Amino acid sequence: MGALMTLSVLMVQGGVRDLLYDTHPSGSGSGSAYLSFATTIFGGGLLAGCLALVMARLR
């Protein structure tokens with residue numbers, strides 16, 4: 001659980017940094033931009049799922 005939460009935070013942080021500073025991961029093609037955005041979305045989903053499980057256990 002902790003590993004998934006850490007992974008999701010790192011994925012979201014990296015994607016948001018790319019969006020804010022307009023840095024593109026290796027390669028300047030549009031495919032890498034979509035991959036970076038998809039990684040951010042996937043990381044956000046993982047983070048939301050982990051937080052939902054934590055909140056359910058606290059309740």
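1. Is Val54 buried, partly exposed or exposed, and what is its relative accessible area? In this predicted model, Val54 has a relative accessible area of 31% and is therefore classed as partly exposed, a label that covers values between the 20% limit for buried residues and the 50% limit for exposed ones.

2. As to its setting, Val54 lies in helix H2, which spans residues 30-58. Together with Met1, Leu53, Met55 and Leu58, Val54 forms a nonpolar patch on the surface, and the accessible area of these residues together is about 500 Å².

3. Thr40 is also placed in helix H2, but this residue is buried, because its relative accessible area of 12% falls under the 20% cut-off. The C-alpha atom of Thr40 is separated by 9.3 Å from that of Val9, although the two residues are 31 positions apart along the chain.

4. Turning to the protein as a whole, the model contains 2 helices and 0 strands. Among contacts with a separation of 6 or more, 75% are accounted for by residues that are 24 or more positions apart.

5. On the matter of exposure, buried residues make up 19% of the 59 residues in the protein, and Thr40 is one of the buried residues. The accessible surface of the protein comes to about 4,400 Å², and carbon and sulfur atoms hold 70% of that area.

Terms used. Residues are numbered from 1 along each chain as its sequence is written. This is a predicted model: local features need pLDDT of at least 70, side-chain atom pairs count only at pLDDT 80 or more; totals for chains, interfaces and linings use all residues. Side-chain values use heavy atoms; hydrogens and water are left out. Patches are made of residues with over 30% relative accessible area and no salt bridge: like charges are joined within 9 Å, nonpolar side chains (Val, Leu, Ile, Met, Phe, Trp, Tyr) within 5 Å. Accessible areas come from the Shrake-Rupley method with a 1.4 Å probe; for residues, only the protein chains shown count as cover. A salt bridge is a side-chain nitrogen of Lys or Arg within 4 Å of a carboxyl oxygen of Asp or Glu. Helices (H or I, at least four residues) and strands (E, at least two) are DSSP runs, numbered from the N terminus. Buried means under 20% relative accessible area, exposed over 50%, partly exposed in between (1.4 Å probe, protein chains only). Contact means heavy atoms within 4.5 Å.
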